[in-house]
Amino acid sequence: MPGKNILKTAPLSPDEVILREELRSDVQKLAGEIGERNMWHYPQLNAAADFIENSFSDAGLRPRRDTYEIRGQACHNIETEIRGASPEIILIGAHYDSVFGSPGANDNGSGVAAMLALARKFAGKTGKHTLRFVAFVNEEPPYFLSDEMGSFIYAGRCKARGDKISVMISLETIGYFSDASNSQTYPSPGLGIFYPKVGNFIGFVGNVPSRSLLRRVIATFRKYAKIPSEGAALPSFIPGVSWSDQRSFWRLGYPGIMVTDTAPFRYPYYHSANDTPDKLDYDRFALVVSGMEKVIEDLYKL
Ligand SMILES: [Zn+2]
């Protein structure tokens, strides 16, 4: 429509252009080449695990598989750690399985690509705290919200070891944006009164005990990021609030937040065969990840 001359996306810096191409290539690898990856597509699930492990190694990081079994089949969470001066842990996680019937480009190839890009950015940089990057297996149904969910097994082991996780950030479906009116919906009609109806922003969601963490993350993100953001600390029973790996950490008393484009409340290809790499908006996706780099810098205290 002529008349409104709005610049939809801020220009990318040269570093962000490089980042965008990294993100594009990793989403293509996971969702385009490997494709659907879950317990029904077990070789593909393992191919994704290998790819993540190799990506960590290529960045000069040492990956570790944290393995458990479901009905005799090995499932792997994959982690790497950058030890800082203090044992306090900042954990950045994303699930790498895709839902049955979907190649999972946005859900959650986008989160994994972002996690890998951030791991590359921080490799070799020592901060005050310890930084951990984790790719979780089995987030999607039937494991979703169950005790066999990869992140729940992982968080339980952290708890048993006494890991001091002060921040958990779940990168969950973060690459789709729209400038169309009414492209954004909400789990509860009441929220639509307070939040935008155009799906051009990135969302930050916390449970009520994670409110101060959420506030700090959003403040830093808004200071640097060139893309709009919205945040809410909500009771975890509101649909959508618990819909990713941060819930596993909440269950064990760790503070955590989810970064998301809101998935089913915006993305028309959510959990479908059409969740393919071409649907993502890589410019805005890169702006989200470069903003998250600043957020982690602040939390990690470089
Ligand atoms: Zn997901």
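**Notebook: Y154, the sheet and the zinc site**

I started at Y154, which sits in helix α4 (residues 150–161). For helices and strands I use DSSP runs numbered from the N terminus: H or I of at least four residues for a helix, E of at least two for a strand. I'm looking at a predicted model, where local features need pLDDT of at least 70, side-chain atom pairs count only at pLDDT 80 or more, and totals for chains, interfaces and linings use all residues. Residues are numbered from 1 along each chain as its sequence is written, and side-chain values use heavy atoms, with hydrogens and water left out.

**Around Y154**

Is Y154 buried or exposed? I find Y154 buried, at a relative accessible area of 1%. Buried here means under 20% relative accessible area, exposed means over 50%, and partly exposed is in between, using a 1.4 Å probe and protein chains only. Leaving out residues up to four places away in sequence, I listed what Y154 touches: D66, N77, E79, L91, R132, V134, F136 and F249. Contact means heavy atoms within 4.5 Å. I also checked S248, 94 residues from Y154 along the chain, and the two C-alpha atoms are 8.6 Å apart.

**The sheet**

Next I traced the strand order: eight strands make an open sheet, β1-β2-β4-β3-β5-β8-β6-β7, with mixed pairing. Two strands pair if DSSP finds at least two bridges between them. At the edges I have β1 and β7 (229–233), each pairing on one side only. From one strand to the next the twist averages 20°.

I looked at two pairs in detail. Strands β1 (residues 63–70) and β2 (residues 73–82) are antiparallel, with eight bridges, and P63 is opposite T80 of β2. Their hairpin has two residues between the strands, and R71 there has a positive phi near 45°. Strands β6 (residues 202–206) and β8 (residues 256–260) are also antiparallel, joined by four bridges; F204 has V259 of β8 as its bridge partner.

**Helices on the sheet**

I then saw α2 packing on the sheet, in touch with β1, β2 and β4, its direction about 15° from that of β2. α3 packs on the sheet too, touching β2, β3, β4 and β5 (165–171), and its direction makes about 145° with that of β3. These axes are lines fitted to C-alpha atoms, for helices over the stretch in contact, and angles run from 0 to 180 degrees between N-to-C directions.

I noted the buried residues of α2, among them L45, F51, I52 and F56. Their cover includes α1 (14–34), β1, β2, α3 and β4 (130–136). After α2 comes G60, with a positive phi near 85°.

**Zinc site**

What coordinates the zinc ion? I read off H95 (NE2), D107 (OD) and E172 (OE) twice, at 2.0 to 2.7 Å. Donors are N, O and S atoms within 2.8 Å of the metal (3.2 Å for Na, K and Ca), and water is not among the atoms, so sites may look incomplete. Along the chain the donor spacing is H-x11-D-x64-E. H95 is in strand β3 (residues 89–95) and D107 in helix α3 (residues 105–122), so this pair ties together parts twelve residues apart in sequence. Both are buried: H95 has a relative accessible area of 0%, D107 of 3%.

Why do I call the arrangement irregular? The four donor atoms subtend angles of 52 to 138°, whereas four donors count as tetrahedral only if all angles lie between 85 and 135 degrees, and as square planar if opposite donors are over 155 degrees apart and all others between 65 and 115.

Conventions. Four donors count as tetrahedral if all angles lie between 85 and 135 degrees; four count as square planar and six as octahedral if opposite donors are over 155 degrees apart and all others between 65 and 115; anything else is irregular.
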